[in-house]
Amino acid sequence: MKAFVTLFRNLEESADHKVRMNQIIDFFRVSTEEEITSAIDFLSGNRPKKLIDISTLKDAIQQMAFLPEWLVEESYSHSGDWAEVVSLLIKPVKIDTGKNLSSMIAGVEKLRGLGSTMKMEGVFSALQSVSTDERYFLIKLFTGGTRLKIPEEMLKNCRDITSGVPQEPGDGTLLERGSLNKVKAVLLYVKYGRGANTEYSFAVKKGDGLVTLTKITSDDEYNFGNEISSFVKNNTIEKFGPVISVKPEMVFEIGFDEVRLSPRHKCGVSLVSPKIIALLRGITPEEIGSIEYISSLISN
Amino acid sequence: MSRSLLIPTPQGLYCPVGDFHIDPHGQVDRAIISHGHSDHARKVAKKYLAHKDSAGILRTRLGRGISLSTLEYGESLTLNGVRVTLFPAGHLLGSSQIRCEYRGNITVFTGDFGTTKNDTCEPFQPVKCDTFIPESTFGLPLYKWEAPEIVYQEINDWWRKNRDKGLASVLYCYSLGKAQRILNALDPSIAPIIVHESVGQMNVCYRDAGIKLPQTLKGWDRGGKPSDAGAIILAPQSAISGDWRTFPGKYSTGFASGWMLLKKMRKMGDIDKGFVLSDHADWNGLLNAVKETGAERVYPTHGFTKQLSRYLKELGYDSSPLETTFSGEKMDEDKSV
């Protein structure tokens with residue numbers, strides 16, 4: 001069960017489409033057919049009706065944890081989530097019980113027909129027998145307290161990606177960042193702005209010439225502003241107000257997340273999240289990348 | 001009638017009889033420093049007194065030229081008739097509780113203190129006193145820490161899995177204390193360990209004090225080295241911008257702090273995975289410490305001071321918050337360095 005509880009927590013904590021896709025795919029890869037079916041059901045919004053009110057639970061937890069009411073309220077005002085407060089105030093249990101989603105849901109249904117005292121007893125004995133992470137999820141389940149809903153289209157896509165692929169262990173918490181594409185580009189223009197902000201324009205090859213690929217504004221977090229300034233002084237071609245064009249000699253490595261078609265840009269594409277990675281001191285402008293190469297990376 | 005030997009002043013905690021300040025943040029003549037974190041150790045005093053193991057940290061952070069004398073744990077110094085003794089606080093290397101005794105009246109200030117197992121410093125030792133001044137950074141019953149070994153295993157597992165996916169692991173943590181506690185627990189067989197310069201500086205102090213840390217590498221060449229793939233990088237959160245952003249490869253980010261217990265904190269910042277690891281006492285740690293001192297008066301100083309003191313009052317203690325400007329465990333200690 002750990003896997004679904006982890007997936008649920010991760011999905012709640014990230015709204016990023018790509019991140020969520022990766023988490024769902026990783027879960028599908030380690031889960032059985034039955035677990036996947038019940039997860040899809042749950043995530044698309046088909047879940048048990050509320051069994052108890054969160055306020056009933058909060059009154060009970062106070063007595064159980066031997067804490068004054070004001071202190072439980074203080075805990076809530078710090079956390080902002082009753083399910084979290086209740087799950088943390090009950091004695092922590094370290095070991096996950098490994099209950100799967102469908103048996104947890106079945107457990108909820110079993111309690112539904114009972115009288116209120118029996119129901120509360122059932123709820124608490126369930127909450128005390130699971131780990132803190134599982135407990136948080138179980139509280140959401142008992143109280144109908146989650147609005148998390150994943151579009152069916154997205155779930156279907158994840159299913160398609162994983163079906164027929166050999167199972168391999170994954171982990172929904174492993175995210176890729178800085179999945180940087182890189183290109184070598186030459187500095188073409190510098191525009192000194194207010195304060196420390198400077199805008200640099202970089203070009204790549206197009207045929208025998210150059211074409212501006214991207215502009216990057218930097219507050220010199222890279223610490224080579226001085227080196228560029230002295231280069232600009234000695235290699236200025238023209239000045240247009242604050243914009244200075246320089247001899248295409250200084251080569252940088254530029255990183256970016258992806259390339260998109262962009263009719264607005266002269267070169268026909270735009271880079272997503274471009275950043276300066278390094279000043280390549282030993283590299284000549286002959287070695288820079290081309291717009292053809294960049295265009296081959298266009299993602300749809 | 002006995003009362004607290006330490007009172008709050010605009011410069012920080014002050015002992016009127018002994019004429020010294022503790023962890024001052026305004027100009028003073030004599031300061032006793034509980035530990036090296038920047039909200040406790042500032043360059044504002046003419047003379048400093050601290051634990052021997054704090055010396056390297058204080059000289060690195062405040063300057064080689066400071067006038068500093070040191071004590072061992074349990075060793076005493078008498079200042080204007082007040083007997084000052086340091087006891088381990090279990091927070092980080094050299095961290096000390098400061099016990100002040102005058103005519104049989106005893107006041108203990110904990111500084112920041114931790115009660116879970118920490119192999120990079122001496123464990124917290126409860127000290128009998130009349131007046132107890134503990135920090136209360138995590139003074140709510142929500143805060144209960146797991147055994148640190150479980151968290152260390154989570155960190156190593158996360159790192160190993162990242163490595164297997166070809167990702168580096170960037171783990172944000174305080175450069176003093178937390179970083180060394182984690183380094184000490186990392187499994188160096190997984191991949192290289194890289195540390196930010198501010199972590200590296202503190203590692204020198206720890207190694208000098210005989211704390212075992214695995215081999216670490218400094219930064220990386222601009223442009224990147226293939227051997228860094230799968231490495232773990234320990235950096236303060238302030239390094240999120242700047243050079244460390246330019247890590248030439250794919251990576252995942254983590255953050256180790258007691259605050260990671262709560263969903264709202266995990267959602268703050270740009271962090272993939274939170275590890276609940278704190279060098280501060282949790283709720284039960286605070287209550288046990290209070291009980292073990294046998295103190296009648298308890299004046300919590302930081303964090304949930306009102307909540308802890310109200311609860312202690314209901315238990316029968318004489319308790320009220322003592323306002324100081326220590327900031328306890330913040331999301332990023334290093335910003336103020």
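Here is a short chat about a predicted model with chains that include A and B.

Q: Hi! Where should we start? How many helices and strands does chain B have?
A: Chain B of this predicted model has 7 helices and 19 strands.

Q: And what share of chain B is buried?
A: Buried residues account for 55% of the 337 residues in chain B.

Q: What about contacts in chain B between residues at least 6 apart in sequence: what percentage join residues at least 24 apart?
A: That figure is 60%.

Q: Okay, on to cores. Which residues touch the most other members of the largest nonpolar core?
A: That core has 134 residues, and the ones touching the most other members are L138(A), I32(B), L171(B), I182(B), I232(B), I233(B) and L234(B).

Q: Let's pick I32(B). What is I32(B) in contact with, leaving aside neighbours within four places in sequence?
A: The partners of I32(B) are F20(B), I22(B), L49(B), A50(B), V84(B) and I98(B).

Q: Which residues does the second core include?
A: The second core is separate and has 26 residues, including V190(A), V246(A), V251(A) and F256(A).

Q: Switching to helices now. How do you describe two packed helices, in general?
A: You give the angle between their axes and the distance between the axes.

Q: Great, try that on α5(A) and α6(A). At what angle do their axes cross?
A: Helix α5 of chain A covers residues 69-79 and helix α6 of chain A covers residues 82-89; their axes come within 9 Å and cross at roughly 125 degrees.

Q: Which word fits that angle?
A: Oblique: the crossing angle makes α5(A) oblique to α6(A). The crossing of α5(A) past α6(A) is right-handed.

Q: Which residues make the contact?
A: From α5(A) there are S75(A), Y76(A) and S79(A), while α6(A) brings W82(A), E84(A), V85(A) and L89(A). Sorted by class, this contact of α5(A) with α6(A) has 4 nonpolar, 2 polar and 1 charged residues.

Q: Now α2(A) and α10(A). How do their axes cross?
A: Helix α2 of chain A (residues 17-30) and helix α10 of chain A (residues 152-162) have axes that come within 9 Å and cross at roughly 50 degrees. The pair is therefore oblique, and α2(A) passes α10(A) in a right-handed crossing.

Q: Who is involved on each side?
A: On α2(A) the contact uses M21(A), I24(A), I25(A), F28(A) and R29(A). On α10(A) it uses M154(A), L155(A), C158(A), R159(A), I161(A) and T162(A).

Q: And how do those residues divide by class?
A: The contact of α2(A) with α10(A) has 8 nonpolar, 1 polar and 2 charged residues.

Terms used: Residues are numbered from 1 along each chain as its sequence is written. Chains are lettered from A and ligands numbered from 1 in the order in which they are written. This is a predicted model: local features need pLDDT of at least 70, side-chain atom pairs count only at pLDDT 80 or more; totals for chains, interfaces and linings use all residues. A nonpolar core is a set of buried Ala, Val, Leu, Ile, Met, Phe, Trp, Tyr and Cys residues joined through C-beta atoms within 7 Å. A residue is buried if 20 or more other C-beta atoms lie within 10 Å of its own, exposed if 12 or fewer, and partly exposed in between; C-beta atoms are placed from the backbone. Two residues are in contact if their C-beta atoms, placed from the backbone, lie within 7 Å. Axes are lines fitted to C-alpha atoms, for helices over the stretch in contact, and angles run from 0 to 180 degrees between N-to-C directions. Helices (H or I, at least four residues) and strands (E, at least two) are DSSP runs, numbered from the N terminus. Angles under 35 degrees count as roughly parallel, over 145 as roughly antiparallel, 65 to 115 as roughly perpendicular and the rest as oblique. A crossing is left-handed if the near helix is turned anticlockwise from the far one by less than a right angle, and right-handed if clockwise. Ala, Val, Leu, Ile, Met, Phe, Trp, Tyr, Cys and Pro count as nonpolar, Asp, Glu, Lys and Arg as charged, and the others, Gly among them, as polar.
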